[in-house]
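Student: I'm new to this one and would like a close look at a single part. Could you walk me through it slowly?

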Amino acid sequence: MWTAQEIKALLEEVERADPDRRVFGSSHHHYRLHAPRPEATVQALERENGIVLPPDYRDFILQIGDGGAGPFYGMDDLTSASRYSDLTQPFPLTESSEVLEDGRLEELIDPNQYPGVPGGLALGHQGCGIYAWLIVNGATYGTVWDGREDFYPTGLSFWQWYEKWLNRLRDRALPTLANERRIVGIKVGMPLAEVTKRFPTQERSRMTGVCRGEAYHVAFIGLATEFAVSKKENIVRIIEHSI
């Protein structure tokens, strides 16, 4: 279990390591948490809707931050997360909506209220119109769901969902960002051997080139940058992927 101090320390460390915001979504949240939410406003929302927020989420927004840095493009604050949802009504699903008959989902969840859903907080946007919801009313109370046209249970509590992202920052993003620093100065026109020399022990994969003048692409395990290479083994394009 991460403490508030550990979470903030990790976010500060990754922010320093990622000045160009290479980690997916970081250009939106910038690794910054919002200020914690006042207890009185949480209680007011709970009274108004006849609910009690899941304890792990409630503690998070009261003690750590009311939105900000988080999975994908970050977390919305409680006001934004609840804006379009009727929290007085239970979330109507207990399993993936793909099992429903045609037209049934639209009867249960009004698409005109999207991203609002009955009984669910819109935690944050994942891209391409996909959201993550935390269920605060209904049979799947306290769990996170993903979806857009269809809805899918993740099987995760709020804290498990958030901790998964923290672990990914620590175990994948930080090492990858460290590797990325080793390619500073690599430019188009240089021989591939210059890159290989900097990563002599790391596995690499080779893929067919996709553009004119590209013989193939090379990607190194633990590196988010990919290199397009000519027949003469020179770099002709550098492709930076999100981490």
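Student: Leaving aside its neighbours within four places in sequence, which residues is Asn-137 in contact with?

Tutor: Before we start, keep in mind that this is a predicted model. Once neighbours within four places in sequence are set aside, Asn-137 is in contact with Ile-51, Leu-87, Thr-88, Gln-89, Pro-90, Phe-91 and Gly-119. To find Asn-137 itself, look in the loop between E2 and strand E3 (143-147). Is it buried or exposed there? Asn-137 counts as buried, because its relative accessibility is 17% and the cut-off for buried is under 20%. If you want a feel for distance, try Glu-233: Asn-137 and Glu-233 are 96 residues apart in sequence, and their C-alpha atoms are 59 Å apart in space.

Now for the strands on either side of that loop. E2 and E3 belong to an open sheet of four strands, ordered E1-E2-E3-E4, with antiparallel pairing. E1 and strand E4 (151-157) are at the edges with a single partner strand each, so one side of each has no neighbour in the sheet. From one strand to the next, the twist averages 25°. Zoom in on E1 and E2 and you'll find six bridges joining them, with Ala-122 standing opposite Trp-133 in E2. Then there's H7, which lies across E1, E2, E3 and E4 and runs at about 85° to E4.

That brings us to the inside of the model. In general, nonpolar side chains in soluble globular proteins tend to be buried together. Here, the largest nonpolar core has 40 residues, and Leu-53 and Tyr-162 are the ones with the most contacts inside it. Among the elements that give two or more residues to this core are strand E1 (120-127), strand E2 (130-135) and helix H7 (158-180). H7 gives the most, with ten residues. As for Leu-53, its contacts beyond four places in sequence include Val-42, Leu-45, Ile-61, Leu-121 and Val-136. There is also a second, separate core of twelve residues, including Phe-199 and Leu-223.

One helix is worth a stop along the way: the buried residues of H4 are Tyr-57, Arg-58, Phe-60, Ile-61 and Leu-62. They pack against H1, H3, H5, E1, E2 and H7.

For a contrast with Asn-137, finish at Arg-181, in the loop between H7 and helix H8 (192-198). Arg-181 is exposed, because its relative accessible area is 51% and exposed means over 50%.

Technical notes:
Residues are numbered from 1 along each chain as its sequence is written. This is a predicted model: local features need pLDDT of at least 70, side-chain atom pairs count only at pLDDT 80 or more; totals for chains, interfaces and linings use all residues. Side-chain values use heavy atoms; hydrogens and water are left out. A nonpolar core is a set of buried Ala, Val, Leu, Ile, Met, Phe, Trp, Tyr and Cys residues joined through side-chain atoms within 4.5 Å. Buried means under 20% relative accessible area, exposed over 50%, partly exposed in between (1.4 Å probe, protein chains only). Contact means heavy atoms within 4.5 Å. Two strands pair if DSSP finds at least two bridges between them. Axes are lines fitted to C-alpha atoms, for helices over the stretch in contact, and angles run from 0 to 180 degrees between N-to-C directions.
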